[in-house]
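Trainee: Could you walk me through the salt bridges and the core of this one? I'd like to learn how to read it.

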Amino acid sequence: MTNVGTGAAGACGGVGRRGNGPRRLLWTIWAVLAGLGLIGIGQRVAGGHLPAGYGSYVPWGLWVALYFHGVGIAGGAFVLGAGGFVLGVPGLDRRDVLRTVVVLAIAAIIPAFMGVWLDLGRPERAPAIFLSPSFTSMMAFNAWMYNAFMMIAVACWLLSFRERSGWLKPLLCLAIMFSILFPSQSGAFFGVVGAKGFWHSALLPMLFLASAITAGAAMLLFVLAVFQFKDDCGTGCAALRYLRNVTLAGLMVYFVFEFAEFSIALWNPDVHAPAIELILWGPYWWVFWIVHLLLGGAIPLGLLLTRRRAAWTLAAFLVAVAFVSARLNVLVPGQAVGEIEGLQEAFQHDRLKYIYHATAMEYLVGLFLVAAGMAVFHLGERINAWAARWTASPA
Amino acid sequence: MSMDRREFVKAGALAGAGLAATATLVIRDRRPRHTGDPRGQETIRHLSALDGVPPRIGEDLLIQMQRDLVKAMAKPMEQRRWAMVIDQRKCVGCHACTIGCVAENKLPPGVVYRPVVTEEGGEYPNVHLKFTPRPCMQCEKPPCVPVCPVRATWRRADGVTVVDYDKCIGCRYCLTACPYGARTSDFGEYYTDAAAVGADGVAVSGGRAPWEDQPNHEYGKRWSRGGHRSPMGNARKCHFCLHRLEHGELPVCVTTCIGRATYFGDISDPDGVVTELIARHNVHTLLPHKGTRPRVYYIA
């Protein structure tokens, strides 16, 4: 797919010779995801919400989890990439890398928006969030903040082509502030809901910020290792090492936070405990133990502790993908415990149950969102390469 | 840090301006706002529902409540405070209120405004059943209102929390915010779409029954779901049958209750049936620890 590396050439441990094979593989993966995803989109358009598994007692499902995962990746990747540029971290202090960071953030946010847009009951009214918002709602806040962030990020992208700009770094600082605020605020989105015992926790914004930094660092590490610094063992390796260290630290911080929350709730069971028991021993126990802990935690930790770059890249990929389970494990169990016992038996209907199983349509649309993210990234990097050539050419 | 002082000052100014703008927006929207609901004289209704029925001592409770309703509607909206009292000792768990509500508001599958929760207690042979009808609690501090991102839901001056179906974007944030599970989403289901399917899965007689697209009259408007129109895709909830109150009729759950267990009225009227019930009995509310201050009271 994308091939716009501009780093210094040289030998680098663990980096093999690359030809058209990886590109062909990426295109094939994209074509499969897009093809399957289009089937899901077709089902969503034709059947509305009827083929979906969410209902009125568990109103949000996979797409909302993907939304928060996408915006988390955008925020985390931007904080580290743009922060690295402002602070002069070797490898990240280059303008071409900064532009890739902006493209990555936007490529993560756009499919996230698409996911939540498809989740709306009346998607055609989505502009109302911008035209008549109520800022007592975290949802309106979220939407505005992401869009403000995107506009500032695009402004930074444009300024990055100017030889000297006194506004680039100040604007980057503002965008960094937003990209710290909105992942934390995603946690507050749930934290302010007093009706859900599991969500109503001051730790949630911190958990969301930690998972955003971790998944964002991992995604940036993966993207830079595969596309930007593929043959670079100079400053590129330094940048990758920095991102690997952040991912490692992020993983440990996240799991410490998670342990703190789980252990306290289980030690002295309170309103949190039923949701946590659902996470650990419920029908989706494997999401926590296998996807989250093993694929998103233990294996990446082991790989990141090695000195091989290829291992870091694989670990980064695992973290970036498997950390969606962190979102799911907050989202679904929080809704799956009702306050009024016996409510789901009071009026029987499939959409009036405290259980949620994502349907094939939801998974297919999820694949479409991933394909859309890849397409936006590819297109963005193409524009990056084209704009870099254009601005470098003599007038 | 590879920023010069000028860049640093600019960054600080931008961040400060961003935070100030955010704080201003939050404070502005946190302040009580005008909802656009009509108020004052315009909301007064002189209803003739009981003009030909002279009052008499010991008359039926429904007639008494209807008199209270006519009296309340003669006041401006902001002077009415609608409330409901449910006597759980009288509720027999017949679900007539649930079904009456479904019929009145033409609720599609998966949408319910007033389910009746059944609790079993004790040990054989000393067992008992307790029924808890659960309409919208019409909370004084409704948690579903501030979470709406587009101001599509608000609490009226008479205490009823309403939804503007023409504004609601169907995000379902309000569903998660209600601790009582009193809001349901209209996902677009129909009763008859799957009703005539044979054992082999083949539709015996296709086509949706035309009555499914007949309009309901919630909030005094005609709402037909045909052609994916609102309230399809919206959040829906009990509204104390506001459209019936406007015509001097009690909420349908009150009139269909065979055990006379549901009472409705204006608690700002010191002589009203509900005011008297609340004062006389040791009433309780659901989930009081949530701090929502419901306007639905239970006598247990």
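Mentor: Sure, we'll go through charged pairs and then the nonpolar core. This is a predicted model, where local features need pLDDT of at least 70, side-chain atom pairs count only at pLDDT 80 or more, and totals for chains, interfaces and linings use all residues. Residues are numbered from 1 along each chain as its sequence is written, chains are lettered from A and ligands numbered from 1 in the order in which they are written, and side-chain values use heavy atoms, with hydrogens and water left out.

Trainee: How many salt bridges does the structure hold over all chains?

Mentor: To count, look for a side-chain nitrogen of Lys or Arg within 4 Å of a carboxyl oxygen of Asp or Glu. Over all chains, the number of salt bridges is 25.

Trainee: Which residue forms a salt bridge with B:Glu189, and why does the pair join two chains?

Mentor: The closest N and O atoms of this pair are 2.7 Å apart. B:Glu189 sits in the loop between strand S6 (184–185) and strand S7 (235–236) of chain B, while its partner is in the loop between helix H13 (343–346) and helix H14 (360–392) of chain A, so the pair joins two chains. Helices (H or I, at least four residues) and strands (E, at least two) are DSSP runs, numbered from the N terminus. The partner is A:Arg351.

Trainee: Is A:Arg351 buried or exposed?

Mentor: Buried means under 20% relative accessible area, exposed over 50%, and partly exposed in between (1.4 Å probe, protein chains only). B:Glu189 has 18%, so B:Glu189 counts as buried. With 7% relative accessibility, A:Arg351 counts as buried.

Trainee: How many residues apart in sequence are the parts tied together by B:Asp166 and B:Lys221?

Mentor: Their side chains meet in a salt bridge, 2.8 Å from N to O. B:Asp166 lies in the loop between strand S5 (161–163) and helix H4 (173–177) of chain B, and B:Lys221 in the loop between S6 and S7 of chain B, so the parts tied together are apart by 55 residues.

Trainee: Which helix gives the largest share of the largest nonpolar core?

Mentor: A nonpolar core is a set of buried Ala, Val, Leu, Ile, Met, Phe, Trp, Tyr and Cys residues joined through side-chain atoms within 4.5 Å. The largest one has 209 residues, and A:Phe78 and A:Phe149 have the most contacts inside it. The largest share, 16 residues, comes from chain A's helix H2 (residues 62–87).
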